[in-house]
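Q: Got a minute to walk through this one with me? I'd like to start with how the chain is put together.

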Amino acid sequence: MFPVDAGLPDERIQDWLLRLADRLKESVETGQAPPPALPQTHWEWRARFPELAQLLGAGTRRTCRTSSPDHEAALQDYVDSTDPGLVVQLAGELRELLALPAEELYYITGPAELGLEVEPPVPLSTVGWLVEPARAVDRHRPGGRGS
């Protein structure tokens with residue numbers, strides 16, 4: 001087995017695992033799942049939004065290395081070079097992120113935890129910028145309006 005980074009100090013991992021076990025046991029016994037909560041750790045952000053982490057991490061690094069940093073070009077490159085099933089997954093992850101009941105802070109923290117290393121293009125806020133890739137991915141995914 002390989003080590004997993006839960007995003008917590010070692011001394012807090014056991015308590016976190018015990019709380020997780022209690023929640024799982026309760027869900028199994030009652031048939032009820034707790035409502036989705038905002039991710040709190042680096043690990044939780046990446047586990048919940050893996051394909052968005054790929055886009056924000058790899059895509060923004062790719063954009064920073066090009067001679068003309070362009071968010072739209074990085075997104076188009078991602079869509080053109082990624083399996084269509086993963087593009088569909090990304091569309092769902094973007095919708096899920098934007099549907100979270102969160103303050104702007106979480107939209108700033110979340111993308112940073114997922115690998116975003118550049119600022120959104122002016123004049124967009126982080127939330128405003130996240131809407132743009134969601135629309136673009138929806139247009140380019142199989143069955144989307146751009147297909």
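**Walking through the fold**

A: Sure. In this predicted model, 64% of the contacts in the chain with a separation of 6 or more are between residues 24 or more positions apart.

Q: And what about secondary structure, how many helices and strands are there in the chain?

A: The chain has seven helices and zero strands. Going from the N terminus, the elements read α-α-α-α-α-α-α.

Q: What share of the residues in the chain is buried?

A: Buried residues are 32% of the 147 in the chain. As for the outside, the accessible surface is about 9500 Å², and carbon and sulfur atoms hold 56% of that.

Q: OK, the core next. How many residues are in the largest nonpolar core, and which have the most contacts inside it?

A: That core has 24 residues. The ones with the most contacts inside it are Phe49, Leu52, Leu90, Leu94, Leu97, Leu114 and Val137.

Q: Which helices supply at least two residues each?

A: α3 (50–65), α4, α5 and α7 (126–140) each do that for this core.

Q: Let's zoom in on Phe49. What is Phe49 in contact with, leaving aside neighbours within four places in sequence?

A: Phe49 is in contact with Pro39, Glu93, Glu96, Leu97, Leu100 and Leu114, with those neighbours left out. Two of these partners, Leu97 and Leu114, are also among the core residues with the most contacts.

Q: Switching topic: what's the volume of the largest pocket?

A: About 690 Å³. The lining of this pocket has 21 residues, and Trp16, Leu20, Arg23, Ala37 and Glu44 lie nearest the centre.

Q: Which helix gives the most to that lining?

A: That's α1, with seven residues. Both α1 (10–30) and α2 (42–48) supply at least two residues each.

Q: And how do the lining residues divide into nonpolar, polar and charged?

A: There are 13 nonpolar, three polar and five charged residues in the lining of the largest pocket.

Q: Now Thr82. Where is Thr82 placed, and is it buried or exposed?

A: Thr82 sits in the loop between α4 (71–81) and α5 (84–99). The relative accessible area of Thr82 is 16%, so it counts as buried, the cut-off being under 20%.

Q: What does Thr82 touch, beyond neighbours within four places in sequence?

A: Glu51 and Val87 are in contact with Thr82 once those neighbours are set aside.

Q: Last one, Tyr106. Which helix is Tyr106 in, and why does it count as partly exposed?

A: Tyr106 is in helix α6 (residues 104–113). Tyr106 counts as partly exposed because its relative accessibility is 26%, between the 20% and 50% limits.

Q: How are Tyr106 and Leu38 placed, along the chain and in space?

A: They are 68 residues apart along the chain, with their C-alpha atoms separated by 8.1 Å. Leaving aside neighbours within four places in sequence, Tyr106 is in contact with Leu38, Pro39, Gln40, Trp45 and Pro111.

How values were computed: Residues numbered from 1 in each chain as written. Predicted model: local features only at pLDDT ≥ 70, side-chain atom pairs only at ≥ 80, totals over all residues. Heavy atoms only, no water. 1 Å grid on protein atoms, 1.4 Å probe; cavity = no way out; pocket = protein on both sides within 12 Å on 5 of 7 lines; lining within 4 Å. Points joined across faces, edges and corners; volume = space filled by probe spheres on them. Helix = DSSP H or I, 4+ residues; strand = E, 2+ residues; numbered from the N terminus. Nonpolar A, V, L, I, M, F, W, Y, C, P; charged D, E, K, R; others polar. Buried < 20%, exposed > 50% of the residue type's maximum accessible area, 1.4 Å probe, protein only. Contact = heavy atoms within 4.5 Å. Areas by Shrake-Rupley, 256 points an atom, 1.4 Å probe, with all protein chains shown as cover. Core = buried A, V, L, I, M, F, W, Y, C linked by side-chain atoms within 4.5 Å.
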